[in-house]
Amino acid sequence: MLKVLKIAARNLARFGRRTLLTSVLITLGIVAVLLFVATTGSFKTIMIGQFTDSMLGHLQVHRKGYVASIDSLPLNLNMPPAMVAKVEDALKGNSAVEAWSPRVKFGAMFSNFTETTSVRVNGVDPAKEAATTPLLPGRLVGERKSGPLLRPGEILVPEVIARGLKVKVGDTVVLVATNLDGSVNGKTLVVGGIVQSATGPSGKDAYVDIEDARTLLRMKDAQVSEIAVRLKDPAQLDKEYAQLGRELSGVTNKEGKPALEVHTWADLSPFSSIVRMIDLLAVFIKVMLVSIVLISVMNVMMMAVYERIREIGTISAIGTPPRRILSLFLTEGLLLGVGGAALGTAISLVVIYALNIWKLSLKFGMQSSPVTLSPAVSVADVATIAGLVIVMSVLASLQPAWKASRMDPVRALGHV
Amino acid sequence: MVLIRAEGLVKTYRAGEVEVPAVKGVDFAIDSKSFVAFVGPSGSGKTTLLNMIGCLDRSTAGKLTVMDTDVGKLDRRAAADFRGRHIGFVFQDFNLIPVLTVYENIEYPLIMVQDWPESKRREQIARLLEAVGMSGQEKKRPDQISGGQKQRVAVARALATNAQLVLADEPTANLDHDTAYRIIELMKKMRDELGTTFIFSTHDPKIMSEAEVIFQLEDGRIHRQPLPQPQPKVALHA
Ligand SMILES: Nc1ncnc2c1ncn2[C@@H]1O[C@H](COP(=O)(O)OP(=O)(O)OP(=O)(O)O)[C@@H](O)[C@H]1O
Ligand SMILES: [Mg+2]
């Protein structure tokens, strides 16, 4: 076997330029794929982080049917305290959960006493909200940045409303909301901060203390519209989603049907389709790589067999078993693949390392500070791609090698 | 002892519609340890006959026995196995493997055809290098040695697995006369030392006169009695 390797390696070296060209092609393919996977992976992580950490959390729990009519922020689909307690019990018992934040959500009219506009209001417990969406404090703009995120009696006003209605920190404003029973109530609040939108330039999400929200809505009990959940490891999302879904399926309504629904951030954000796009692109570029490897290796191996017909005739005549001849050519293909894969992986890792040193930063969304990409590939990614290339190289050599092994020695020897 | 026996051996090539009779029913026997030449004009069937003896090609009719094996009955794989075990080949164009050194070329059949352990290989190759006069050249590549030297290496490769029979189709056609003569002498010497049967084909009258048994082929038939020999050691069987 070692001798077969040696002979194969020498034959590759004998046609050095051709071998080099093919390996360079494979190498470049691998570099392209690994860099793509590394940078888009980092981009995805950051983008997803922006969504989950500033607004959505990783998972959200609602009363069944709430998300279907989330546009109107219906008050009649809030979770009663007993149901909330059951959810909180489940979350408390789960070590994968880092934090959660119960919210009371409602639509309201926002007025500075001269002008009025509509606003979506999140009644939150400031400490829990900050723990669940850690990017929230960073979204505050304007003068005040110290002290607690939000005090009772204060409101965080979305930037677009603050600008449109010329509201500053410290101003007094009023919120007017329709309660569940149809009556209207108002409450004056002090502007505690201006908050950037997490969902785009037109986002109108205001924050108040959850007790203020309940007072305004004249709620008699501590009901909750949604519970946003933050996981310790976002990679465990699918597992924890399934786990939480299972645990909460025991909470039923009067008809015995599940009363709660669990969603992932991806269900609640249009960005998930962009993530799918990126994943699709990655598949596409991998298909390209496979094609490059298949075509170039097959081409070079077909040439190798054609050029060495007399040599094949010779070794066949002196009694080399066909399977040995087969393995001789398969080994050549294998070595091409291994060489290309090793070189490609090495170059990719160096480039990825370099990208992490010379920070690649980009600005997106409403974020005031640019985010820095930190491209990375997992061992699994590298192994998968290198393995794919090597397997493809051997497969591509199969037909030429088979042809060589089946050659009739007399005809092959007579070939000029 | 008879090593090869042909009885009514026929080979007809079929190229589409046309049939080309290349060997038209020959009978002969070759003793082991003999030094045999097939001679005859171009197209007379020398290569065809050697290919059948070497199990590279199968007869159309008749019977051919090599070392007590009816080689007409061997399938592709069995034929390859038979060649690997019993027959050595020397080619007109030397056909050394270009990426291997002299040493590795001789070693090739010991690794890829048979499975010799390293120490036995080293011993055998050293012995053969010495015998064919290529000691000290074992690290050279085929493109670094002359035609005569290449054919010496080829003879050593054919003998590496201790084959009882070596077939050489026009082994001297690409060599100048002196070199050709020395290659035939080398083969004869190896026959004397090892008892290997050599069969070669040639056009060259001076070369053929080195043979001890001569089969004169013409138009697919063993045509006539051999030329008078100086001191024939083995009688002609025809
Ligand atoms: N593969 C083949 N297909 C058809 N006809 C063939 C084939 N090989 C040989 N022949 C024919 O068989 C006859 C014998 O050919 P062969 O090669 O055995 O002759 P030879 O004595 O070796 O000639 P040379 O001295 O030119 O090598 C010739 O007429 C040749 O044209
Ligand atoms: Mg011939």
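**View 1. Where chain B meets chain A.** In this predicted model, 26 residues of chain B are in contact with 27 residues of chain A. Together the two chains bury an area of about 2300 Å², and carbon and sulfur atoms account for 58% of it. Three residues are worth finding here: Arg76(B), Val99(B) and Met112(B) supply 28% of the area that chain B buries against chain A, more than any other three residues.

**View 2. Salt bridges and polar contacts between the chains.** Four salt bridges cross the interface of chain B and chain A. To see a salt bridge between the two chains, look for the side chains of Glu104(B) and Arg10(A), with N and O 2.5 Å apart. The interface also has twelve residue pairs in polar contact, both partners being at pLDDT 80 or more.

**View 3. The side of chain B that touches chain A.** Which elements of chain B give two or more residues to this side? They are helix H2 (76-86) and helix H3 (102-113). Of the elements, H3(B) gives the most, with six residues. Sorted by class, the residues on this side of chain B are twelve nonpolar, four polar and ten charged.

**View 4. The surroundings of ligand 1.** Now we turn to the ligand. There are 13 residues around ligand 1, and the ones that come nearest are Ser42(B), Gly43(B), Lys46(B), Thr47(B) and Thr48(B). By class, this shell holds four nonpolar, seven polar and two charged residues.

**View 5. Polar atoms beside ligand 1.** Follow the oxygen atoms of the ligand to pick out its partners in chain B. A side-chain N or O atom of Ser42(B) is 2.4 Å from an oxygen atom of ligand 1. Ser44(B) takes part through its backbone, with an N or O atom 3.3 Å from a ligand oxygen. His203(B) brings a polar side-chain atom to 3.2 Å from an oxygen atom of ligand 1. Taken alone, ligand 1 exposes 630 Å², and the protein buries 62% of that. Strand S2 (18-31) and helix H1 (46-53) of chain B are the elements that give two or more residues to the shell. H1(B) gives the most, with three residues.

**View 6. A salt bridge within chain A.** Over all chains, the structure holds 29 salt bridges. One of them joins Glu311(A) to Arg14(A), whose closest N and O atoms are 3.4 Å apart. Why does this pair tie together parts that are 297 residues apart in sequence? Glu311(A) sits in helix H10 (residues 309-317) of chain A, while Arg14(A) belongs to helix H1 (residues 2-14) of chain A, so the pair links those parts.

**View 7. Val377(A) and the residues it touches.** Where is Val377(A) placed? Look in the loop between strand S12 (371-373) and helix H12 (379-405) of chain A. Leaving aside residues up to four places away in sequence, Val377(A) touches Leu34(A), Val37(A), Ala38(A), Leu349(A), Ile352(A) and Val382(A). Take Leu34(A) from that list: its C-alpha atom is 7.2 Å from that of Val377(A), although the two residues are 343 residues apart along the chain.

Methods. Residues are numbered from 1 along each chain as its sequence is written. Chains are lettered from A and ligands numbered from 1 in the order in which they are written. This is a predicted model: local features need pLDDT of at least 70, side-chain atom pairs count only at pLDDT 80 or more; totals for chains, interfaces and linings use all residues. Side-chain values use heavy atoms; hydrogens and water are left out. A residue is near a molecule or strand if one of its heavy atoms lies within 4 Å of it. A polar contact is a pair of N or O atoms within 3.5 Å; within protein, one must be able to donate a hydrogen and the other to accept it, and residues adjacent in sequence count only if both atoms are side-chain atoms. Accessible areas come from the Shrake-Rupley method with a 1.4 Å probe; for residues, only the protein chains shown count as cover. Helices (H or I, at least four residues) and strands (E, at least two) are DSSP runs, numbered from the N terminus. Ala, Val, Leu, Ile, Met, Phe, Trp, Tyr, Cys and Pro count as nonpolar, Asp, Glu, Lys and Arg as charged, and the others, Gly among them, as polar. Contact means heavy atoms within 4.5 Å. Buried area is the accessible area (1.4 Å probe) that two parts lose on being put together, summed over both.
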